[in-house]
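Biologist: I'm new to this one. Could you walk me through how to read it?

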Amino acid sequence: MTRKEFIKTGSAAATAAGFTGCLTATAADKLALLGGTPVIGKAEAAKRSGIFAWPIVNDAMLKASNDVLLKRKMSGTDITKEFEAKFAAWNGTKYALACLNGTTALNTAFYAIGLKPGDEVICPSITMWASCSGAVNIGATVVFCDVKPDDLTIDPASFEAHITPRTKAVVVVHYMGAPCDMDEVMRIARKHNLKVVEDVSHAQGGLYKGRKLGTIGDVGAMSLMSGKSFAIGEAGMIVTDSQEIYEKSIRWGMYIRIPATFGMEGIRRTKDVPFGGIKNRLNQCTSAVGLEQLKKYDAERAEIEEAMLYYHKSIADIKGLKIIYPKWEKSNKAGWYSSRCLYDPAAFGGVLNTVFSLALNAETGGGFSAGCNFPLHWSSVYDDEDIFGDGKPPVRRGLPTGVTPKQLTGNLPVSDDINNRVIGDPWFKHFDKPVIDRYVEAVHKVSANVSQLKDYKGKAKFAYWN
Ligand SMILES: Cc1ncc(COP(=O)(O)O)c(C=O)c1O
């Protein structure tokens, strides 16, 4: 679906809604997007930008990174192993293995669970490509399933409907911090003898029914890059209780650690050549920063949770905006990475979320966005892209003649439409009520005066992809 088609859908909704919805507009405050006075002016926005600054870099982090440089230990493994041991203890898994980034962590995890060329992996369509492209590297086929419209995580029923005799694994993504329904995912996966990879890139330290995310499936893999909630640079981590998965992960890309793991007899034929042909070792400056981040992350996460729940409570009366938050006990949204809330265009007279978030940014100086990741099943890479130029799309290698990945994926109506139905929350890192209240004021102002946006013709874009 193109952006033009998106806009058409929005216009149709506007007409159908007759532009009434929740328009209880009181005194018409001219919106800043249309030339009115913003709620938060430039000077005030600059003063308050600290509420969004991330990661919080302290002196201990600077010193830790400097020490590694001064000792010239960037390419060693001692500090990384200490980081892994402490990360595993914090995460509640037997093993943790630090990787270059989330992409290589996921790629490694797919190998380590036993994925082979020709196998099929099921992945929700709404996520970043790295959640599943590692499977393509191995020569597997990715089949996409749909997500739930209320929290954007994998729809267990759609997952089950996409299983074929060739399916070997599912990758689930705790998307934008929201935990997947892991009881359902695990029940279905075990029934069909499938491995479960948890992509925890958006939800480090999050809980599902009291259990840490990344400890429920066979293996967790995650990004720790500097935009994420556990943010230490370009980095990734694999977590698992399985010795086999841990050791296979080392075999794939940790060449300096292969002899110690497998013994000289174990590498008699292969020597220390990694099976994956990659060097996945994390830079120790980053590991040292990670050790410091572990000491303060839980406290930072708790403050973010307080701030974000306060913000959402303060806008809960606005019909058409709805918090995404897990419904289960002892569950949370981790560090609220890139959190989304639900946006109902009909409740706003059909005004597109792109326009609504643009208006919010005009009132505040920034912090809001529209949409989420584009649906991956729209990409030809997973269906018929001739990557090697030999006339054979590699993702079709294991499929019976005449069967295509696109056919296996079929229609995913929620994924196709979800970009129209979500807005990115401002990501408050501090529970500073007076500052948050100003953003709340802006949301109320735009909601109450949304009718002014009905004929807005300026350029309004989705967050990530146009
Ligand atoms: C869900 C998800 N998985 C994996 C990755 C890849 O991680 P990295 O960028 O560290 O390679 C990202 C993005 O960064 C992501 O959002």
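Modeller: Sure, and keep in mind that this is a predicted model. Let's start with one helix: in helix 9, the buried residues are I245, Y246, K248, S249, I250, R251, W252 and G253.

Biologist: Is helix 9 as a whole mostly covered or mostly open, and how many of its residues are buried?

Modeller: Mostly covered: helix 9 spans residues 243-253, and eight of its eleven residues are buried. As a general idea, an α-helix has 3.6 residues a turn, so residues three or four places apart point the same way.

Biologist: What do the buried residues of helix 9 pack against?

Modeller: Their partners are strand 1 (95-99), strand 8 (219-223), strand 9 (236-240), helix 5 and helix 10 (258-266).

Biologist: Helix 5 caught my ear. Which part does helix 5 play in the shell around the ligand?

Modeller: Helix 5, residues 102-112, gives the largest share of that shell, with three residues. In total, 15 residues surround the ligand, and N101, G102, T103, A130 and S223 are the closest. Sorted by class, the shell has nine polar, five nonpolar and one charged residues.

Biologist: Now zoom out for me. Which domains is the protein divided into?

Modeller: Domain 1 is pieced together from 3-54, 298-372 and 417-453, while domain 2 runs over 59-291. Where they meet, 20 residues from domain 1 and 23 residues from domain 2 take part in the contact. The side of domain 1 that touches domain 2 has nine nonpolar, six charged and five polar residues.

Biologist: And what distance separates the centres of domain 1 and domain 2?

Modeller: 32 Å, taken over C-alpha atoms.

Notes: Residues numbered from 1 in each chain as written. Predicted model: local features only at pLDDT ≥ 70, side-chain atom pairs only at ≥ 80, totals over all residues. Domains from an automatic or database assignment. Contact = placed C-beta atoms within 7 Å. Nonpolar A, V, L, I, M, F, W, Y, C, P; charged D, E, K, R; others polar. Near = placed C-beta within 6 Å. Helix = DSSP H or I, 4+ residues; strand = E, 2+ residues; numbered from the N terminus. Buried ≥ 20, exposed ≤ 12 C-beta atoms within 10 Å, placed from the backbone.
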